[in-house]
Amino acid sequence: MSGVLERPDAADLLAIARTTVLEEILPVLPETHRLAARMVANALGIAQRMIAVDPSRLAVLDARAAALAQSAQDPWAGLCALIRSGRADPGTECHAAVAGLLADLAQLRCETSAPKTLAGG
Amino acid sequence: MDEARRESLRVWLAQAADDAGLAIDAMARLSGGAIQQNWGLAVRRGDGRQERWVLRTDNPATLAVSHSRSEEFALLRAAHAAGVTVAEPLFVCEDAGVIGAPFLVMRHVAGIAVAYRVVKWDAIGGGREAAARAMGRELARIHCIRPPRADLAFLGHPPADPCLAFCAEQERALDAAGPHPILEWGLRHLRRTAPPPIAPSLCHNDFRTGNILWTEHGLAAVLDWEFAGWGDPHADFGWLCARCWRFGNIMMEAGGVGPRAALYAGYVEAGGAVPDAARVAWWELAAHVRWATIALAQGARHLSGREPSLELALTPHIVPELEWHILREVAAREAGLERAA
């Protein structure tokens, strides 16, 4: 035991569960159930990557959104309103900062949900 | 479907087909269709003839934007009459009491639609060039159907400006889905660069690989008419050619199936006007935004608790990849605008 909760931890359990689905279960399944097994493996992989995200990265993105939207209450809704209103259009003062934040946001979201995209896939 | 409903269906079909001896020999759920359920029916007519039909009905929670079965039936009839290659529409039943939900019945057409298989199939529809041309011809026939049409009155009036109407519809979808700033970014760019309106046509609005049935000889049927409506015909080109609907076969710009030039050639060959490349490019970006909001709506069906499904739960995880391409495309288009200014 390490701390309050037993080990292996969530990340480890998800990883070994995914390997088991792919290497032990999938090969012996009939064709009718293979898609479902691949979806299970996919879901486990996404969950694994989501819990591995360093919370400080999320906090930094939240803070940048809040600064641009000038709203700590709901920074992402505020940022959306800013973009929709045209106040972040090309030529505006905050355009480059918003574009930079969205690029970093896209990077993190792809790292968790669609890592193959970042590899050019 | 339980025995009682199956018998109730048989009685209804016998009446609709004016064939008291009609029997259902077999009935099986077909794969695919996140929105509708499809059932394959093996039917024996009173005179002994065997026929294969397909029954389409609603899943428990359908997207609000899709048409009812009777509307889909009217669209199929209009398309069939215009020479579009569709499964022949046979009957429609609006009475939910027969099998639990309204349904339509059409003739079965053999072929392959599964997108990941289709895009890897070099012999598809007589070869990739021929297949892309065939898709162009089908689109030209669909776009020949123009408003007003009494039989399609349920489609309402055509939007005065289809591009801006699209933007407004997507803004509403994003309002419902919760904050997605990258999609907002793409949508804002689309609003700023929307081309002016042109004469409206019927648009299939889901004309893509996966919704087209193929054999090795040709295009067997255009499927899934539930999103059809009046609009800018370039929207169908944008949806078909968008990178996100090429299923990994990026170089084949017409849906991962064949070359874009052949698609356009087929369109012109069947009487369509030469597609406007800039307008198609606008709709290709729009396709990424639209697919993203559809994916979010599908995820919401799972999140609502009314329709727990692993497939629906995974669908919103497509959105980050779409966002990645939206950001890149917006940046490229903005750079192009700056150079042109």
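1. Start with the loop between helix 1 (3–16) and strand 1 (23–29) of chain B, which is where B:Asp18 is found. This is a predicted model, so treat the backbone angles here as computed values. The phi of B:Asp18 is near 55°, which is positive for a residue other than glycine. B:Asp18 counts as exposed, because just 8 other C-beta atoms fall within 10 Å and the cut-off for exposed is 12 or fewer.

2. There is a second aspartate to look at, B:Asp224, in the loop between strand 8 (219–222) and strand 9 (229–231) of chain B. B:Asp224 is not a glycine either, yet has a positive phi of about 55°. Is B:Asp224 buried or exposed? B:Asp224 counts as buried, because there are 23 C-beta neighbours inside 10 Å and the threshold for buried is 20 or more.

3. Next, the cis peptides. In chain A, the bond from A:Arg7 to A:Pro8 is cis, with omega near 5°. A:Pro8 sits in the segment before helix 1 (10–25) of chain A. In chain B, the bond joining B:Pro147 to B:Pro148 is cis as well, and there omega is near 0°. You'll find B:Pro148 in the loop between helix 4 (128–143) and helix 5 (162–177) of chain B.

4. Now the sheet in chain B. It is an open one, with five strands in the order 1-2-3-5-4 and antiparallel pairing. Strand 1 and strand 4 (89–93) of chain B are the edges, each pairing on one side only. From one strand to the next, the twist averages 25°. At the strand 4 end, strand 4 and strand 5 (residues 103–107) of chain B pair in the antiparallel sense over four bridges. If you want a register check, B:Cys93 stands opposite B:Phe103 in strand 5 of chain B.

5. Which strands does helix 1 of chain B touch as it packs on the sheet? The answer is strand 1 and strand 4 of chain B, and the direction of helix 1 makes about 120° with that of strand 1 of chain B. Helix 2 (residues 69–81) of chain B, in turn, lies across strand 3 (50–58), strand 4 and strand 5 of chain B. Helix 2 runs at about 160° to strand 4 of chain B.

6. For helix packing, take helix 6 (residues 181–192) and helix 11 (residues 319–340) of chain B: their axes are 9 Å apart, at an angle of about 35°. The crossing of helix 6 and helix 11 of chain B is left-handed. On the helix 6 side, the contact is made by B:Ile182, B:Leu183, B:Trp185, B:Gly186 and B:His189. Helix 11 of chain B brings B:Glu323, B:Ile326, B:Leu327, B:Val330 and B:Arg333. By class, that contact has six nonpolar, two polar and two charged residues.

7. On to where the chains meet. How many residues does each chain put into the contact? Chain B gives 19 residues and chain A gives 23. Helix 6, helix 10 (310–314) and helix 11 of chain B are the elements giving two or more residues to the side of chain B that touches chain A. That side of chain B has 10 nonpolar, one polar and eight charged residues.

8. Last, the layout of chain A. This chain is divided into domain 1 (10–51) and domain 2 (55–118). The C-alpha centres of domain 1 and domain 2 of chain A lie 32 Å apart.

Terms used
Residues numbered from 1 in each chain as written. Chains lettered and ligands numbered in written order. Predicted model: local features only at pLDDT ≥ 70, side-chain atom pairs only at ≥ 80, totals over all residues. Axes fitted to C-alpha atoms, helices over the stretch in contact; angles between N-to-C directions. Left-handed = near helix turned anticlockwise from the far one by under 90°. Contact = placed C-beta atoms within 7 Å. Nonpolar A, V, L, I, M, F, W, Y, C, P; charged D, E, K, R; others polar. Domains from an automatic or database assignment. Pairing = 2+ DSSP bridges.
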